[in-house]
Each structure stands twice: as C-alpha cells, then as structure tokens.
Amino acid sequence: AGGDEANIFAGDLFRMYFKYAESKGWKIEVVDSLPCEAGGYAQISFMVTGDSVYSFLKYESGSHRVQRVPTTESAGRIHTSTSTVLVMPEADELEVNLDMNDVRIDTFCASGPGGQCVNTTKSAIRVTHIPTGIVVSCQDGKSQHENKASALKVLQARLYDHMLLQKQEAEGAERLAKVGHGDRSEKIRTYNYPQSRVTDHRINMTLYSLENFMNGDIGEMVEALTVADQQARLAEIQE
C-alpha cells in the first residue's frame with residue numbers, strides 16, 4: 001500500500017534480508033520478481049537455503065510500515081507506506097503429496113519492467129494447483145527446467161501452509177493471518193527514517209539504529225522475538 005514508495009521499500013526489505021542471509025552464510029535464490037521502473041518490486045519471491053533458516057525468519061511474516069520522505073516529494077512531507085512479507089518453510093516431499101495430475105503447467109516469455117519481453121524463448125513457468133487454485137510463477141532461472149523445479153518447490157511450500165491452516169481450523173485453533181491485507185493497521189513493525197527508529201509492535205521493542213538494521217543487522221530483533229515466543233509457549237504450558 002503506497003504506490004512507488006511501497007515498491008521501493010519492498011526492495012529495501014529484500015536487500016535487508018539478503019544482507020542478513022549473507023551474514024548467516026545462507027544462500028538466496030530469486031524465484032520470481034516484478035521490478036518497478038521507480039525502483040524496488042511490486043512483488044518478489046525468493047528461497048533462502050541454510051541452517052535453521054525458518055526458525056530465524058518465521059517472525060518476519062506480516063505488514064511492515066515505513067515512514068519517510070520519498071525522493072519524489074518536493075515539499076518534504078513524510079509519507080507512510082506498507083509492504084507485506086510472507087515466510088513459509090520448505091515442505092518435505094513426505095509432508096506434501098503433490099499429485100502432478102492436479103497441476104497445470106504453462107510456459108510464457110519472461111518479462112521485464114513495464115511488461116517488456118526480455119527474451120524470445122518461453123522459459124518462464126506458471127504452475128497452477130487446480131484443486132486449491134494456488135498459482136506460482138517462476139521466471140528468474142536460466143532455463144525452463146530450472147524454473148519448473150523452483151516453481152514446484154514453492155508450490156509444495158504453499159500447499160503445506162494451506163494444509164496447516166486447514167488442520168488448525170479443524171482443531172479449532174486460533175490463527176492470525178500471516179500477511180493479512182497489507183493495511184497499515186495490521187503492521188507488525190514500523191521503520192521511521194526521520195527518527196532512525198525501528199519498532200516491533202508485537203514485543204514493544206525499539207532500536208535507534210535503522211541504517212544498520214536495513215543493512216541486515218536484524219539479529220538483536222530476531223533474538224528478542226524468539227525469546228518472547230518461547231516465554232509465551234512456556235506460559236501456555238504452565239497454565
């Protein structure tokens with residue numbers, strides 16, 4: 001929510017996670033992206049591979065709010081925009097039985113900003129899981145085979161998340177939506193540039209080192225979120 005500024009911020013968030021992954025020795029592979037002419041991305045999907053990736057990044061799911069003066073703002077007014085993040089664990093093949101008879105695979109030309117075609121071969125892949133309607137596209141790989149493999153891997157992860165939600169609903173468990181609608185009211189974190197402040201609203205934690213944070217130094221926040229979650233789980237057990 002927020003047009004070009006939100007897209008630019010989505011790019012900033014991707015760079016933040018990329019830098020954090022580098023510091024952890026993880027590997028990042030972009031699966032699909034829709035770059036914008038003003039900068040950043042309308043959306044970007046990527047896989048992170050390494051030790052205990054999901055345990056570190058699972059608390060990043062939600063709406064991230066940025067407050068800053070856009071470069072296009074001549075009057076110096078602070079704008080508020082949001083970008084949403086969804087983190088899903090890679091599904092084990094034993095956990096998700098993906099029947100290829102339920103999957104439709106389409107090929108198309110990979111496109112660049114503004115819909116411009118960047119190659120003449122149909123290397124981009126779109127996979128659709130017919131029973132659930134889940135659609136995954138992949139165009140950033142070097143070949144159709146590579147894109148197909150990546151798209152199916154992401155589809156498995158989304159199916160696993162879908163199955164988990166159904167299971168929890170069947171058991172009557174309360175589950176807050178990971179992403180929601182991207183509304184500002186659903187924010188989990190605020191990045192305030194004029195005050196060089198980043199605040200996580202779930203644990204009421206504020207750090208005044210926004211530049212370092214956006215350069216991937218998010219470990220202190222991640223650790224605090226992990227501790228808060230563990231304490232909440234212990235409290236539930238003791239009740």
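Select Arg 189 to start: at 0% relative accessibility it counts as buried. You're looking at a predicted model, by the way. Keep Arg 189 on screen, since the next few stops are built around that side chain.

**Stop 1: the partners of Arg 189**

Add Glu 60 to your selection. Its side chain meets that of Arg 189 in a salt bridge, at 2.8 Å from N to O. Now colour by position along the chain, and you'll see that this pair links distant parts of it: Arg 189 sits in strand 8 (residues 187-192), while Glu 60 is in the loop between helix 2 (53-57) and strand 3 (62-68), 129 residues apart. Are these two buried or exposed? Both Arg 189 and Glu 60 are buried.

Next, bring up Asp 200. The side chains of Asp 200 and Arg 189 also meet in a salt bridge, this one at 3.1 Å, N to O. Here too the pair links distant parts of the chain, with Asp 200 in strand 9 (residues 197-200), Arg 189 in strand 8, and their positions 11 residues apart. Why does Asp 200 count as buried? Because its relative accessible area is 0%, and the cut-off for buried is under 20%.

Which residues do the shared partners join into one network? Select Glu 60, Arg 189, Asp 200 and Arg 202 together, and you have it: salt bridges that share partners tie them into one network. In the whole structure there are 6 salt bridges.

**Stop 2: a salt bridge with some exposure**

Jump to Arg 104 and Asp 106. Their side chains meet in a salt bridge at 3.3 Å, N to O. Turn on the surface and check each one. Arg 104 has a relative accessible area of 42%, so it is partly exposed. Asp 106, at 25% relative accessibility, counts as partly exposed as well.

**Stop 3: the sheet around Asp 106**

Stay with Asp 106 and show the backbone as a cartoon. Which residue of strand 6 stands opposite Asp 106? That's Arg 126. Select strand 6 (residues 124-129) in full: 6 bridges join it to strand 5, and the two run antiparallel. As a reminder, strands of a sheet pair through backbone hydrogen bonds, either parallel or antiparallel.

Now widen the view to the open sheet of 3 strands, which has the order 5-6-7 and antiparallel pairing. Its edge strands are strand 5 (103-108) and strand 7 (134-138), each pairing on one side only. Look along the sheet and you can follow its twist, which averages 15° from one strand to the next.

**Stop 4: helix 1**

Head to the N-terminal end and select residues 4-24, which make up helix 1. The helix has 21 residues and reaches 31 Å from its first C-alpha to its last, close to the 30 Å expected at 1.5 Å a residue. Show its side chains and pick out the buried ones, among them Phe 9, Leu 13, Phe 14, Met 16, Tyr 17 and Tyr 20. Some small residues are buried here too, including Ala 6, Ala 10, Gly 11 and Ala 21. Then click on Gly 25, which follows helix 1 and has a positive phi, near 75°.

**Last stop: the whole chain**

Zoom out. The protein chain has 5 helices and 10 strands, and of its 239 residues, 37% count as buried. Among contacts between residues at least 6 apart in sequence, 54% join residues at least 24 apart. Switch the surface back on to finish: the accessible surface comes to about 13,800 Å², and 48% of that belongs to carbon and sulfur atoms.

Definitions and conventions: Residues are numbered from 1 along each chain as its sequence is written. This is a predicted model: local features need pLDDT of at least 70, side-chain atom pairs count only at pLDDT 80 or more; totals for chains, interfaces and linings use all residues. Side-chain values use heavy atoms; hydrogens and water are left out. A salt bridge is a side-chain nitrogen of Lys or Arg within 4 Å of a carboxyl oxygen of Asp or Glu. Helices (H or I, at least four residues) and strands (E, at least two) are DSSP runs, numbered from the N terminus. Buried means under 20% relative accessible area, exposed over 50%, partly exposed in between (1.4 Å probe, protein chains only). The expected span of a helix is 1.5 Å times one less than its number of residues. Two strands pair if DSSP finds at least two bridges between them. Axes are lines fitted to C-alpha atoms, for helices over the stretch in contact, and angles run from 0 to 180 degrees between N-to-C directions. Contact means heavy atoms within 4.5 Å. Accessible areas come from the Shrake-Rupley method with a 1.4 Å probe; for residues, only the protein chains shown count as cover.
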